[in-house]
Amino acid sequence: MPAINNRIFDAALAQYRDEATSLYLCSANPGTDWTLATSTYALASYSGVVIGSTEDAPGGGRRAPVQSFTGGAWVGPGTAKFYAVVDASDERVLVSGTVADLVGVEGQAIALGAALWLTFPAPAP
């Protein structure tokens, strides 16, 4: 991988923070597909997502968290294995990834107890 100054990662994370509006919990990986994230695989949604400050990531690079929250609602029963952070005004999926299994009941609020981190560069598997 080429050497990249943290300023470049910070710029990408700042745009992510500026554009993120909602978080969806999904039954399958939506990738960057709007319809998959917000309809086909969507089990729950939360508007007003807050992306925290950029910081050094353990092992190098930079990261920013989706802050923990309670709110939104499960729109159907099931187990969420993925999340998608979206820009609802432009109908774009900004980031998607895995979450520890979250089980919800229709109408129940989402309880995201721990932050979801977006890290650049991604840690090695």
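I started with Asp56, which counts as exposed because its relative accessibility is 54%. My cut-offs: buried is under 20% relative accessible area, exposed is over 50%, and partly exposed is in between, with a 1.4 Å probe and protein chains only.

Housekeeping before going on. This is a predicted model, so I note that local features need pLDDT of at least 70 and side-chain atom pairs count only at pLDDT 80 or more, while totals for chains, interfaces and linings use all residues. Residues are numbered from 1 along each chain as its sequence is written, and side-chain values use heavy atoms, with hydrogens and water left out.

**Salt bridges**

Next I looked up the partner of Asp56. Its side chain meets that of Arg62 in a salt bridge, 2.7 Å from N to O. The term stands for a side-chain nitrogen of Lys or Arg within 4 Å of a carboxyl oxygen of Asp or Glu.

Which other residue forms a salt bridge with Arg62? I found Asp10, with the closest N and O atoms 2.7 Å apart. That pair links distant parts of the chain: Arg62 sits in strand β4 (residues 62-66) and Asp10 in helix α1, 52 residues apart. Helices (H or I, at least four residues) and strands (E, at least two) are DSSP runs, numbered from the N terminus.

Is Arg62 buried or exposed? Arg62 has 13% relative accessibility, so I put it down as buried. Asp10 is at 25%, so this one goes down as partly exposed.

I then checked how many salt bridges the structure holds, and the count is seven. Glu19, Asp87, Asp90 and Arg92 are linked in a network of them. Inside it, Asp90 bridges to Arg92 with the closest N and O atoms 3.1 Å apart. Asp90 is partly exposed with a relative accessible area of 47%, and Arg92 is partly exposed too, at 37% relative accessibility.

**Around Thr119**

I went to strand β10 (residues 116-120), where Thr119 lies. With 19% relative accessibility, Thr119 counts as buried. What is Thr119 in contact with, leaving aside its neighbours within four places in sequence? I got Ala57, Arg62 and Arg63, where contact means heavy atoms within 4.5 Å. So Arg62 turns up again: besides its contact with Thr119, it has the bridge to Asp10 and the one to Asp56.

Arg63 was worth its own look. Arg63 lies over the face of Trp117, at 3.5 Å from the ring centre. The rule I used puts a charge over a ring if NZ of Lys or CZ of Arg is within 6 Å of the ring centre and within 35 degrees of the ring normal.

**Aromatic pairs**

The structure holds two aromatic pairs. Rings of Phe, Tyr and Trp (its six-membered ring) pair if their centres lie within 6.5 Å; planes under 30 degrees apart count as stacked, over 60 as edge-to-face and the rest as tilted.

Phe9 and Phe120 make a stacked pair, 5.9 Å centre to centre with 5° between the planes. Phe9 is in helix α1 (residues 6-19) and Phe120 in strand β10, so far along the chain that 111 residues separate them. Phe9 is buried at 10% relative accessibility, whereas Phe120 is partly exposed at 27%.

Tyr46 and Phe69 are also stacked, because their ring centres are 3.8 Å apart and their planes at 10°. This pair links distant parts of the chain as well, with Tyr46 in strand β2 (residues 42-47), Phe69 in strand β5 (residues 69-71) and the two positions 23 residues apart. Both Tyr46 and Phe69 are buried.

**The sheet**

I listed an open sheet of five strands in the order β6-β2-β1-β7-β8, with antiparallel pairing. Its edge strands are β6 (73-74) and β8 (92-104), each pairing on one side only. Two strands pair if DSSP finds at least two bridges between them.

How many bridges join β1 to β7? There are five, between residues 22-26 and residues 78-87, running antiparallel. Leu25 stands opposite Tyr83 in β7.

Helix α1 lies across β7 and β8, at about 70° to β8. For such angles, axes are lines fitted to C-alpha atoms, for helices over the stretch in contact, and values run from 0 to 180 degrees between N-to-C directions.

**Last stop: Ala115**

Ala115 is in the loop between β9 (110-112) and β10. Ala115 is partly exposed, with a relative accessible area of 30%. Not counting residues up to four places away in sequence, Ala115 touches Pro65, Val66 and Ser68.
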